[in-house]
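Please open the model in your viewer and keep the sequence panel beside it. The tour below goes from one selection to the next and says what is to be found at each stop.

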Amino acid sequence: MTPLSRVVIGSALILAWPMAHAADGQKIFTQGGSNPAAMACLGCHGPDGKGIAAAGFPRLAGLPAGYLSKQLHDWRTGSRKQPVMEPLAKALTDDEIKAVSSYLASMPGDPAPTVRRQQIASDPTTRLALYGDWSRQIPGCVQCHGPGGSGVGEHFPPLAGQPASYLEAQLNGWRDGSRSNDPNQLMVGVAKAMTDDEVVAIAEFFANPASPEVKP
Amino acid sequence: MKAWMPTLLLLAVGSALAAPITMEDQSQLTVPPAQNAAQFAPPAEGELPDNAFGKLVREGHALFVDTRRLMPDAVGNGMNCSNCHLDQGRLAHSAPMWGAYPMYPAYRKKNDKVNTYAERIQGCFQFSMNGKPPAADSPQMTALSAYAYWLSTKAPTGVELAGRGYPDVPQPQGGYDFKRGQQVYREQCAICHGDEGEGQKVAGEYVMPPLWGKDSYNWGAGMHRINTAASFIKYNMPLGKPGSLSDQQAWDVAAWINRHERPQDPRLVEGSVEKTRLKFHANDGVNLYGQKVEGVLIGQGTGG
């Protein structure tokens, strides 16, 4: 056997290896991916996957798998920007993205507070969250993100239980164009129509379930 | 020769329409054109008085935005009032309550009599919500009427205010096309309403309404007309991006949505789709009820 063919066979084995072993989502979460650059999620997102609010690291537990997988793929291609997540996502294989996304989706998140829609909202933040401001074509947040910001389906992630600084950073990212990976550009127009004060207030509204404005 | 000419024409134009259609449908009331910008503004929430009247209005508001959950006996599908009347019934060009309430009592061809406002809402429950209308003097109807009355504060009575109803979107020259409509649906609507029009639920309750199937509006609802759905869609959808679809796209996607089965028209005549078509649908705008699309009779209902 020539040295060259050894290299070829060796490479083939390495390439085939991830295919032969189904990626283990829990292992990626706790220990990282097969490539050491794919660091374990829990380091920044917490052992329960609920994020680290003080640092603005978002909650991943209970987010829809399709949404998580899309974000990881978007970081890979650069259509979503974030200096830590971009190289990390590039170090994950397709299988690993699939596995860790479904594992995270299966982790329990805190339930959204039961903010029902039937109350008349007289304070401006609750009004914006529940009903929006149609003079600026802003739908109510909960109309797409679900009651209390619980999230709906694969495309509308939960807002409830996300750190305020994370939500604020995302809204500002859409406003200044640094985030633009929303399907059908549904979020960018909404964020751009919001004021600085509203961004802060809405982020607080969903981050803090004990908000005095939230009366079920 | 003359007898089969229309058939040939029908075959030749496909989905385009062969016969002139009466467009004065649902109501004899007319809708001002869209270029008439709405001047009327309903009162702000903070203006609601803290007394018995204010309490009744709040109850009506709750029923309006959470209809299905709060009125399970009256609503037979997955719809709320606020699904077709956006922003809690306040939004211009989204059939706002302040455009409707001051226009009643009014004659409606749909039931050939002068209807009170309560009777008009009963129609919504029977058709758009595929349910059993509460009695006109029930506490729920009183609350819903009080909410609409409050939204109409300082509106003139009997005046067709700019912003009422859904503005007409004229049918495009070439009619409409299901295939193009399907494409618009996939690209613009499915993200919220689902690939099969099934809507989306959270914890068993619809957040995004179903557009066809057993939990959607029935074959007697105004929205089953392609022209009405096109008007609603053009001026209100996708949520937060009104006016982003062309007239053609609005008609195409409205036709795609309304070629799908939904609960039967509760006025079904002697169990016959054809008799029901002749009596209620033949002169009711542009609709597919009782017609064949790709060899399949439309209007058979979803059963149960």
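Begin in chain B, in this predicted model, by selecting Phe178(B), Arg180(B), Gly181(B), Gln182(B), Val184(B), Tyr185(B) and Cys189(B) in helix 9, which meet Gln249(B), Asp252(B), Val253(B), Ala255(B), Trp256(B) and Ile257(B) in helix 11 of chain B. By class, the residues of this contact between helix 9 and helix 11 of chain B are eight nonpolar, three polar and two charged. Now show the two helices whole, residues 178-193 for helix 9 and residues 247-257 for helix 11 of chain B, and look along their axes, which are 7 Å apart and make an angle of about 95°. Helix 9 and helix 11 of chain B are therefore roughly perpendicular to each other.

Stay with helix 11 of chain B and ask how many of its residues are buried. The count is 10 of 11, so that this helix is mostly covered. To see them, select Gln248(B), Gln249(B), Ala250(B), Trp251(B), Asp252(B), Val253(B), Ala254(B), Ala255(B), Trp256(B) and Ile257(B), the buried residues of helix 11 of chain B. If you then display their surroundings, the cover over these buried residues includes helix 9 and helix 10 (226-236) of chain B.

The next selection is Pro238(B), which sits in the loop between helix 10 and helix 11 of chain B. Is Pro238(B) buried or partly exposed? Pro238(B) counts as partly exposed because it has 18 C-beta neighbours inside 10 Å, whereas a buried residue needs 20 or more. Setting aside neighbours within four places in sequence, the contacts of Pro238(B) are Asn184(A), Gln188(B), Cys189(B) and Ser244(B). You may also draw a distance from the C-alpha atom of Pro238(B) to that of Cys192(B), a residue 46 places away along the chain, and it should read 9.2 Å.

Move on to strand 3 (residues 200-202) and strand 4 (residues 205-208) of chain B, which pair in the antiparallel sense over three bridges. The two strands form a hairpin with two residues between them, and in the turn Ala203(B) has a positive phi of about 50°. Select Lys201(B) as well, and opposite it you will find Tyr206(B) in strand 4 of chain B.

For another pair of helices, select helix 7 (residues 117-128) and helix 8 (residues 139-151) of chain B, whose axes come within 10 Å and cross at roughly 110°. That crossing makes helix 7 of chain B roughly perpendicular to helix 8 of chain B. Where they meet, Tyr117(B), Ala118(B) and Ile121(B) come from helix 7 of chain B, while Met141(B), Leu144(B), Ser145(B) and Ala148(B) come from helix 8 of chain B. This contact has six nonpolar residues, one polar residue and no charged residues.

Now zoom out and colour chain B by its domain assignment, with domain 1 as 5-25 + 167-297 and domain 2 as 48-151. The C-alpha centres of the two domains of chain B are 23 Å apart, and their contact takes 18 residues from domain 1 and 14 residues from domain 2. On the side of domain 1 of chain B, strand 4 and helix 10 are the elements that give two or more residues, and the largest share, three residues, is that of helix 10 of chain B. That side of domain 1 of chain B has 11 nonpolar, five polar and two charged residues.

Turn to chain A, which has 11 helices and two strands, and in which 41% of the 216 residues count as buried. Colour domain 1 (23-106) and domain 2 (124-207) of chain A, whose centres, taken over C-alpha atoms, are separated by 22 Å. Here 15 residues of domain 1 of chain A are in contact with 15 residues of domain 2 of chain A, and the side of domain 1 divides into five nonpolar, five polar and five charged residues.

For the last stop, show both chains; which elements of chain A give two or more residues to the side that touches chain B? The contact as a whole takes 24 residues from chain A and 22 residues from chain B, and the elements to select are strand 2 (138-139) and helix 10 (186-193) of chain A. Helix 10 of chain A gives the most to this side, with three residues, and by class the side of chain A that touches chain B has 11 nonpolar, 10 polar and three charged residues.

Definitions and conventions
Residues are numbered from 1 along each chain as its sequence is written. Chains are lettered from A and ligands numbered from 1 in the order in which they are written. This is a predicted model: local features need pLDDT of at least 70, side-chain atom pairs count only at pLDDT 80 or more; totals for chains, interfaces and linings use all residues. Axes are lines fitted to C-alpha atoms, for helices over the stretch in contact, and angles run from 0 to 180 degrees between N-to-C directions. Helices (H or I, at least four residues) and strands (E, at least two) are DSSP runs, numbered from the N terminus. Angles under 35 degrees count as roughly parallel, over 145 as roughly antiparallel, 65 to 115 as roughly perpendicular and the rest as oblique. Two residues are in contact if their C-beta atoms, placed from the backbone, lie within 7 Å. Ala, Val, Leu, Ile, Met, Phe, Trp, Tyr, Cys and Pro count as nonpolar, Asp, Glu, Lys and Arg as charged, and the others, Gly among them, as polar. A residue is buried if 20 or more other C-beta atoms lie within 10 Å of its own, exposed if 12 or fewer, and partly exposed in between; C-beta atoms are placed from the backbone. Domain bounds come from an automatic or database domain assignment. Two strands pair if DSSP finds at least two bridges between them.
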